[in-house]
Amino acid sequence: MLGFLQALQGSGSGAEQLPGDIYTEFFADILQAARENGCKPEDQEKTQGFYMLRSFDTENSNQLEPPAASDEDAWIFGYGSLVWKADFPYIDRRRGFVWGFKRRFYQHSIDHRGIPERPGRVVTLLPGDPDQDRVYGVAYRIAASQKGAVLDHLDYREKNGYERCSLEFHEYSNTTAGGGGKPIQVIMYVATQANDSYAGHVWQVPCIAKQIFSSAGPSGPNREYLFNLATAMDQLFPGAVDEHLEELVACVRRYIAEDEPELMRHALLQEIAGILKEEQLAEQAQRLEELLERCQQPGGREWLLHGALQPKREA
């Protein structure tokens, strides 16, 4: 980097041209990579979704030798990331739904899909019409011998505002969306409106979508959570309608296609221009290398997007 800056200095390039030259040489590829990875092609998502459905129907348990079922087992209902990311042992799983709720991206995530200073958005459930509203998801059967450890794990995983509750789960049928058989009593984690991370006061889809678009956390980009949930719902529950989820997916995809390239380019040029105000060439080189490294780390894209969106939010 230092050698490149020295060569630029010797070339006589104007000060206003330097950020663009540096961007083209070192950062343009990052922008291209972000565009390629920012949103999975829909056909790829569908392929993964079909794999999810096939594996769901053929692999009831994620254990090689699952414990035998008993009346002391517990069932856990997942309606968010638990649908595709069950990081605990289970001996059976069922597709289905619960009545009387609406799924909404009304919960801040500061420990999985965001960080405290740039929270993401994840789902919780709101009370709805008990005869009309239903939320689809997956129920996992936890063996009695593993129940304590699994619940302790989930209590920690869902620690940011979620509480346990118990309700009836209805199994989904490929032939009838109305459900069939005897309801199963399940445990579910719900973030209430009283918790500190509740974000339902900002409910407009474009605002939530922009937050998802520009957030990432220890578990990965917030957009990945959104797209994974949409893929799972589309493939595990054909024909089921979730307008809130579908509107968010469309809005985030639009931001990625139409806004992301220019926002990232503008943010990078601003960062580079600020670094070039340093007097010492060696200091400029070191800070540019640090910027390059940060951009390539997980969450680097979202850090840039968040910074680029700030002036618009404050206007």
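Okay, let me start with what I'm calling an aromatic pair: two rings of Phe, Tyr or Trp, using the six-membered ring for Trp, whose centres lie within 6.5 Å. And before I go further, please keep in mind that this is a predicted model.

So, going by that rule, the count comes to 15 aromatic pairs. Let me pick out Tyr172 and Phe237, which meet edge-to-face, with 5.1 Å between the centres and 85° between the planes. Why pick that pair? Tyr172 sits in the loop between β6 (162-171) and β7 (180-191), and Phe237 sits in the loop between α6 (222-236) and α7 (243-275), so the pair ties together parts that are 65 residues apart in sequence. Both Tyr172 and Phe237 are buried, too.

Those two rings also belong to a cluster: ring pairs link them up with Phe97, Trp99 and Tyr136. And if you click on Phe97, you'll find Arg134 lying over its face, 4.1 Å from the ring centre. There's another arginine over a ring to look at: the charged end of Arg265 sits over Tyr23, at 5.8 Å from the centre of that ring.

Now, on to the strands. Let me take β5, residues 134-142. Is β5 enclosed or open? Eight of its nine residues are buried, so β5 is largely enclosed by the rest of the structure. It pairs with β1, and that pairing is antiparallel with five bridges. It also pairs with β2, again antiparallel, this time through eight bridges. If you want residues to find your way by, Phe77 has Ala139 as its bridge partner in β5, and Val98 has Val135 as its partner there.

Staying with β1 for a second, that's residues 74-78, and five of its five residues are buried. Which residues cover which side? Ala74, Ile76 and Gly78 are on one face, Trp75 and Phe77 are on the other, and all of them are buried.

Over in β2, which spans residues 92-99, have a look at Asp92. That aspartate is buried, with a relative accessible area of 14%. Its side chain makes a polar contact of 3.0 Å with the side chain of Arg94.

Right, helices. The one I'd like you to look at is α7. It has 33 residues and reaches 45 Å from the first C-alpha to the last, close to the 48 Å expected at 1.5 Å a residue. Where does α7 bend? At Asp259, by about 55°, and a proline, Pro261, follows within four residues.

In that helix you'll also find Glu260. Is Glu260 buried or exposed? It's buried, at a relative accessible area of 1%, where the cut-off for calling something buried is under 20%. As for a partner, the side chain of Glu260 is joined to the side chain of Arg223 by a polar contact of 2.8 Å.

Last stop, helix α2, which covers residues 18-37 and is where you'll find Ile30. Ile30 is buried, with a relative accessible area of 10%. What I'd point out here is the partner along the chain: Ile30 and Cys295 are 265 residues apart in sequence, yet their C-alpha atoms are separated by 7.4 Å.

So, if you open the model later, I'd begin with the ring cluster that includes Tyr172 and Phe237, then go to the bend in α7 at Asp259. Happy to take questions.

Conventions. Residues numbered from 1 in each chain as written. Predicted model: local features only at pLDDT ≥ 70, side-chain atom pairs only at ≥ 80, totals over all residues. Heavy atoms only, no water. Phe/Tyr/Trp six-rings, centres within 6.5 Å; stacked < 30°, edge-to-face > 60°. Helix = DSSP H or I, 4+ residues; strand = E, 2+ residues; numbered from the N terminus. Buried < 20%, exposed > 50% of the residue type's maximum accessible area, 1.4 Å probe, protein only. Lys NZ or Arg CZ within 6 Å of the ring centre and 35° of its normal. Polar contact = N/O pair within 3.5 Å; in protein donor to acceptor, adjacent residues only side chain to side chain. Pairing = 2+ DSSP bridges. Expected span 1.5 Å × (residues − 1). Bend = angle between axes of the 7 residues up to and from the residue.
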